[in-house]
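Here are my notes on this one, jotted down as I went through it. Have the model open alongside and check each point as you read.

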Amino acid sequence: MVRTLIMFSLVLLILRLSGKKGVRQLSLFEVAIIIALGSAAGDPMFSKETPILPSVIVFTSIIALYRAITYFAMKSERFENIIEGEPIYVIEDGEFVLGIRKDHTFAKDEFFSEMRQESIEHVGQVKTAILETTGNISFYYYEDQDVRYGLPILPKSYNDKHFKIDTSNIYACGYCGHAEKLEPGDHDCSRCGKKEWVIAINSLRIT
């Protein structure tokens with residue numbers, strides 16, 4: 001029990017020295033640091049035969065490496081992008097960048113959940129959305145008078161998809177969010193070529 005308390009306290013101390021306040025502030029590099037700390041702390045917790053001092057040396061090495069890499073990241077934006085990654089545009093001009101660019105791997109269901117927590121009802125309310133390197137998402141909204149017809153993200157509305165248009169209306173592509181007026185018949189999205197449509201809405205965001 002004493003060994004566990006010592007190692008756990010050391011892990012907390014190292015994380016406190018990193019200056020981060022919560023998990024959502026961590027980059028991939030910092031998550032890797034935490035995994036390394038957990039690995040170094042685990043053996044002394046479970047085994048009396050494993051001395052604590054080597055783990056302390058590992059901890060010291062890890063925090064020294066972290067400080068060094070952080071220093072060089074501050075000096076070089078290119079080095080920082082290699083270590084931390086770059087922000088990713090997920091929505092631009094009320095449409096998904098995610099739907100047409102294959103280098104984006106952010107799951108749409110996960111993103112919809114984030115949007116709903118921000119009281120967003122459809123993609124047309126959002127001018128720009130950026131996935132930050134920490135995993136947080138930054139939303140920039142249209143003014144009320146500029147809100148566009150957009151893809152609804154509430155589960156019932158989004159799942160009501162049409163692969164053949166029966167009624168003239170404004171529809172949003174269920175894949176990329178592009179909205180256009182469609183007449184009855186078969187239609188491919190003029191932006192991404194997909195054939196799944198959802199009735200678009202242009203309701204204002206309520207805050």
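1. Strands E3 and E4 run antiparallel, with five bridges joining them. This is a predicted model, so read everything here in that light. One pairing to look up is alanine 129, whose bridge partner in E4 is phenylalanine 139. Between the two strands of this hairpin sit five residues, and glycine 135 has a positive phi there, near 95 degrees.

2. Phenylalanine 139 also turns up in the largest nonpolar core, which has 19 residues. It is listed among those with the most contacts inside that core, along with Ile91, Phe96, Phe111, Met115 and Leu151. Where does the core draw its residues from? Strand E1 (88-92), helix H5 (108-117), strand E3 (126-131) and strand E4 (137-141) each put in at least two. As general background, nonpolar side chains in soluble globular proteins tend to be buried together.

3. Apart from that core there is another one, made of 13 residues. Met7, Ile14, Ala40 and Tyr66 are among them.

4. Which residues does leucine 151 touch, leaving aside those up to four places away in sequence? Its contacts include Phe96, Phe112, Tyr158 and Val198. Glu121, His122 and Val123 are also on the list, as are Ala172, Cys173, Gly174 and Gly177.

5. Phenylalanine 112 is worth a click too. It sits in helix H5, and is it buried or exposed? Phenylalanine 112 counts as buried because its relative accessibility is 2%, and the cut-off for buried is under 20%. Beyond residues up to four places away in sequence, phenylalanine 112 touches Phe96, Leu151, Ile153 and Tyr158. Its C-alpha atom is separated by 9.3 Å from that of valine 123, eleven residues apart along the chain.

6. Now for a couple of backbone angles. Most residues other than glycine have a negative phi. Aspartate 93, in the loop between E1 and strand E2 (95-96), has a positive one, near 55 degrees. With a relative accessible area of 43%, aspartate 93 is partly exposed.

7. Serine 119 is the other residue to check. Its phi is positive as well, near 60 degrees, and it lies in the loop between H5 and E3. How exposed is serine 119? It counts as partly exposed, because its relative accessibility is 43% and that category runs between the 20% and 50% cut-offs.

Terms used:
Residues numbered from 1 in each chain as written. Predicted model: local features only at pLDDT ≥ 70, side-chain atom pairs only at ≥ 80, totals over all residues. Heavy atoms only, no water. Core = buried A, V, L, I, M, F, W, Y, C linked by side-chain atoms within 4.5 Å. Buried < 20%, exposed > 50% of the residue type's maximum accessible area, 1.4 Å probe, protein only. Helix = DSSP H or I, 4+ residues; strand = E, 2+ residues; numbered from the N terminus. Contact = heavy atoms within 4.5 Å. Pairing = 2+ DSSP bridges.
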